[in-house]
Amino acid sequence: MLIGSPWGFAPPPPGSSVPSSFGREAHDVGPGSPVALVTDERLLLHAGPSNHPERPARLAEILKQLEISGLSAACVQLSSREATQEELLRVHSQEHIDQVFNSASSKKKGKAYGTPFGPDTYANDETPLCASLSTGCLLSLVDKCLEKGDGPRCGFAAIRPPGHHATVDKASGFCMFNNVAVAVRQAQQVHGLKRVAVVDWDVHHGNGTNDIFEKDESVLFFSLHRYDSYFFPGTGFVEDVGKAEGRGYNVNCPLDKGFGDLDVAHVMRSLAEWRYLICPLMEKFEPEAIFISAGFDAVPGIRQKGGKRSDGPDGPAISNGASGDT
Ligand SMILES: [Zn+2]
């Protein structure tokens, strides 16, 4: 299955015994350790058609539930900030950055938004600010979690617009800047991390993140997604394992339409506690940080393009309640 894989292992056969833990403890993350939370209510200002699947209500509901549950108060709340040009340029071309910052001008007369990046990907007057804030929130989280001291070592960024479809020079699939890719470069270039993993469990393939890191052996990109010829973005087949030095470091796990909790658990770690795919990869790669692109549009009731109800998975609880690219 892992064509071109440098990992040199095969999934354990049924009945074999494999240790149930992750192998080693993250010495400063565990029960009772602080969790950081970052968001910004201004991220609700990025808006397009009222029936668009990626709309402010998605984030508003997450923020509401974080408050009601008490989780918000239980976390270490961080200040938001905008990403700088220097930070965005670690991933994106100057031309692309300029296009996003000029996207508000695409508005048609009498309309509150335009569609400068194709019919799906709208922009309004606040999109440049929100795109920069979305990435900047994640950078704020990275800086906090990687600073020395007794502070949080893990956290959650509730942000939009999402990022995992954005490539070096193109916005698409509602995504402006590839938030997680910029955050990975921050971890590496500012904080000196050598190996970083990205796990993308959104129902769509994270094609932008895939392409940005496809030649990079310092970033293990793992994507679990629905794959068929008519489901956006139509990439992420199992043979896509990366290129050149990065060959083997892109791991795509396409699943059929209708996959559910058990399938996700099987990929992540089977219910029988055999570590099938992702855990062995992580143990071999030994990442110094793990980012999760936690798109939540696999959940039943989330409307997809054209206002149709999600017809992807049955609704994996594992991906419930997280934001687009965190
Ligand atoms: Zn998605």
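These are my notebook entries on the strands, helices and core of this structure.

**Entry 1: the whole chain.** I began by noting that the model is predicted. I then looked up the secondary structure and found 9 helices and 9 strands in the protein. The protein has 326 residues, and buried residues make up 40% of them. I also looked at contacts with a separation of 6 or more. Of these, 71% are between residues 24 or more positions apart.

**Entry 2: the sheet of 3 strands.** I asked in what order its strands lie. The order is 2-1-5, in an open sheet with parallel pairing. At the edges are strand 2, residues 76–77, and strand 5, residues 154–157, and each of them pairs on one side only. I followed strand 1, residues 35–38, to its pairing with strand 2, which is parallel and runs over 2 bridges. For alanine 36 I found valine 76 in strand 2 as the bridge partner. I next looked for what packs on this sheet. Helix 5, residues 127–146, does so and touches strand 1 and strand 5. The direction of helix 5 makes about 170 degrees with that of strand 5.

**Entry 3: the sheet of 4 strands.** I looked up the order here too and noted 8-7-6-9, again for an open sheet with parallel pairing. The edge strands are strand 8, at 250–255, and strand 9, at 289–293, each with pairing on one side only. On average, neighbouring strands of this sheet are turned by 10 degrees against each other, direction ignored. I checked strand 6, residues 196–200, against strand 9 and found parallel pairing over 5 bridges. Within strand 9, alanine 289 is the bridge partner of valine 196.

**Entry 4: a helix across the strands.** Which strands does helix 9 lie across? I found that helix 9, residues 278–285, lies across strand 6, strand 7 (219–226) and strand 8. Helix 9 runs at about 170 degrees to strand 7.

**Entry 5: the core.** I looked up the largest nonpolar core and noted 62 residues in it. Leu141, Ala183, Val184 and Val198 have the most contacts inside this core. I then asked which helix or strand gives the most to the core. It is helix 5, with 9 residues.

**Entry 6: valine 184.** I took one of the residues with the most contacts inside the core, Val184, and looked up its partners. I left aside its neighbours within four places in sequence. Valine 184 is then in contact with Val196, Val198, Val219 and Phe291. I recall Val196 from the earlier entry, where its bridge partner in strand 9 was alanine 289.

Note on methods. Residues numbered from 1 in each chain as written. Predicted model: local features only at pLDDT ≥ 70, side-chain atom pairs only at ≥ 80, totals over all residues. Pairing = 2+ DSSP bridges. Contact = placed C-beta atoms within 7 Å. Axes fitted to C-alpha atoms, helices over the stretch in contact; angles between N-to-C directions. Buried ≥ 20, exposed ≤ 12 C-beta atoms within 10 Å, placed from the backbone. Core = buried A, V, L, I, M, F, W, Y, C linked by C-beta atoms within 7 Å.
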